[in-house]
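Subject: A structure for you to explore

Hello,

Here is the structure I promised to pass on to you. Have a look around it first, and then read on for what turned up.

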Amino acid sequence: MALDHTVLLGSVIESTIAPQADQVDRAGRFPRSGVTALGEIGLLGLASATAVGGGGAGLAETARVVERLAGVCGSTAMVLLTHYAATAVVEAHGPPSVRGAIARGEHLATLALGEPGDRCALTTTDGSVVLDGARSWVTAAGEADSYVWCCGSAAALVAGDAPGLRVSAPFDGLGLRGCAATPVTADRVEVPADAVAAEGLDHALPVFLALGAVFSLGLTEAMLADTAGRVAERREFAALRARTDLLRVFCDDTVAAVAGGRADARVRAAQARLAGAETATEVGDRLLRLCGFAAARKELALERHYRDALTARVMTPTGESLREFAGRDAVGQPLFR
């Protein structure tokens, strides 16, 4: 990430995102002003190609943005994370109009991945494609300008206001309360044939998983920072610090694997996402025990970061799915069915 983006991100965090983080969580309010501010300083278009006016940044740069935001406002970071994963598909297969709008910071995209039991079908009819399906959990649902809807290995770019697209009631849950994650249903939504990428999932999923691991790293670092002066058991704190440092090494290797197209990129991303989610929740749990009841008070950000970590742990793909991916690879079977 260029220095000017680093400085500008710090300014937006200080002026807009950090002051509203607590209220975004308490009220379950989508962080629209923060997302708009990120667009204005070029961070919505950070991963877009320079040819369409974007930042031309790689995964390492977007990962640093996600990590930094996760330690301030998990909801804002999760919205940006899914936007970057969706942008990976749009950059590879999307129309110039959408690519340009994202690059200018005027268009928020999101990713609609499936969970076990979710239905999805793409049917070609008279030159267009009809999408029927349901997604149990979509970040920025009802707020995004477009959805990259993954159906099997394919991905369809669906306009946020497409007829037949229905968003459920606003999310009211444990953590990540402002990321507008809720079920979305597609009832015979027409999609232009050129808006469907046959292998779109290959572009979206490794980025989504790698950034998910970095997101958990950002939460873990924030929880350690919140409690550094409150833990009397220094040896225990040092052990948690070491575990977090190991996660950072794993995340750095995963980002390099995905960015470089390494042969093990997909399984590494699945492993890192699982390791990140487990590390964040276990470190948070241990810090709550070490710090006592005071650490559970809302005056400390630890309580909010811990709830965000717990919620991120059960987002798609779940830990069970990630273990299945890694297990299949370990015994020489295809990673995905």
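A residue counts as buried when its relative accessible area is under 20%, and as exposed when that value is over 50%. Please keep in mind that this is a predicted model.

Let's begin with two helices. In H8, 20 of the 27 residues are buried, so this helix is largely enclosed by the rest of the structure. You can also check its length: at 1.5 Å a residue, H8 should span 39 Å, and its end C-alpha atoms are 38 Å apart, which agrees. Just after H8 comes Gly292, with a positive phi near 80 degrees.

Helix H4 tells a similar story. Of its 20 residues, 16 are buried, so to speak leaving H4 mostly covered. The expected span of H4 at 1.5 Å a residue is 28 Å, in agreement with the 29 Å between its end C-alpha atoms.

Both helices help to line a pocket. Which helices each supply at least two residues of the lining of the second largest pocket? They are H3 (59-70), H4 (74-93), H6 (200-227), H7 (234-260) and H8 (265-291). The volume of this pocket is about 350 Å³. Its lining is made of 18 residues, and those nearest the centre are Leu59, Ala88, His203, Val207 and Val258. By type, the lining has ten nonpolar, five polar and three charged residues.

Next, the strands. Strands of a sheet pair through backbone hydrogen bonds, and they can do so in a parallel or an antiparallel way. The model has an example of each.

For the parallel case, look at S1 (residues 109-112) and S4 (residues 146-151), which are joined by four bridges. Ala109 of S1 has Ser146 as its bridge partner in S4. In a regular strand the side chains alternate between the two faces of the sheet. Are the two faces of S1 covered or open? Both are covered: Ala109 and Leu111 are buried on one side, and Thr110 and Ala112 are buried on the other.

For the antiparallel case, there is an open sheet of four strands in the order S2-S3-S7-S6. S2 (120-125) and S6 are at its edges with a single partner strand each, so one side of each has no neighbour in the sheet. From one strand to the next, the twist averages 10 degrees. Six bridges connect S2 with S3 (residues 128-138), and one of the pairings puts Thr123 opposite Val130 in S3.

Finally, some backbone details. Most residues other than glycine have a negative phi, and most peptide bonds are trans. Three places here go the other way:

- Ala180 has a positive phi, near 55 degrees. Ala180 sits in the loop between S6 (165-167) and S7 (182-192), and is buried, with a relative accessible area of 14%.
- Arg188 also has a positive phi, about 50 degrees. Arg188 belongs to strand S7 and counts as exposed, at 52% relative accessibility.
- Thr316 and Pro317 are joined by a cis peptide bond, with omega about -10 degrees. Pro317 lies in the loop between H9 (301-313) and H10 (319-330).

Enjoy exploring, and write back with any questions!

Best wishes

Methods: Residues are numbered from 1 along each chain as its sequence is written. This is a predicted model: local features need pLDDT of at least 70, side-chain atom pairs count only at pLDDT 80 or more; totals for chains, interfaces and linings use all residues. Side-chain values use heavy atoms; hydrogens and water are left out. On a 1 Å grid over the protein atoms alone, a cavity is a set of points where a 1.4 Å probe fits but cannot get out, and a pocket is an open set with protein on both sides within 12 Å along at least five of seven lines; lining residues have an atom within 4 Å of a point. Grid points are joined across faces, edges and corners, and a volume is the space filled by probe spheres set on the points. Ala, Val, Leu, Ile, Met, Phe, Trp, Tyr, Cys and Pro count as nonpolar, Asp, Glu, Lys and Arg as charged, and the others, Gly among them, as polar. Buried means under 20% relative accessible area, exposed over 50%, partly exposed in between (1.4 Å probe, protein chains only). Two strands pair if DSSP finds at least two bridges between them. Axes are lines fitted to C-alpha atoms, for helices over the stretch in contact, and angles run from 0 to 180 degrees between N-to-C directions. The expected span of a helix is 1.5 Å times one less than its number of residues.
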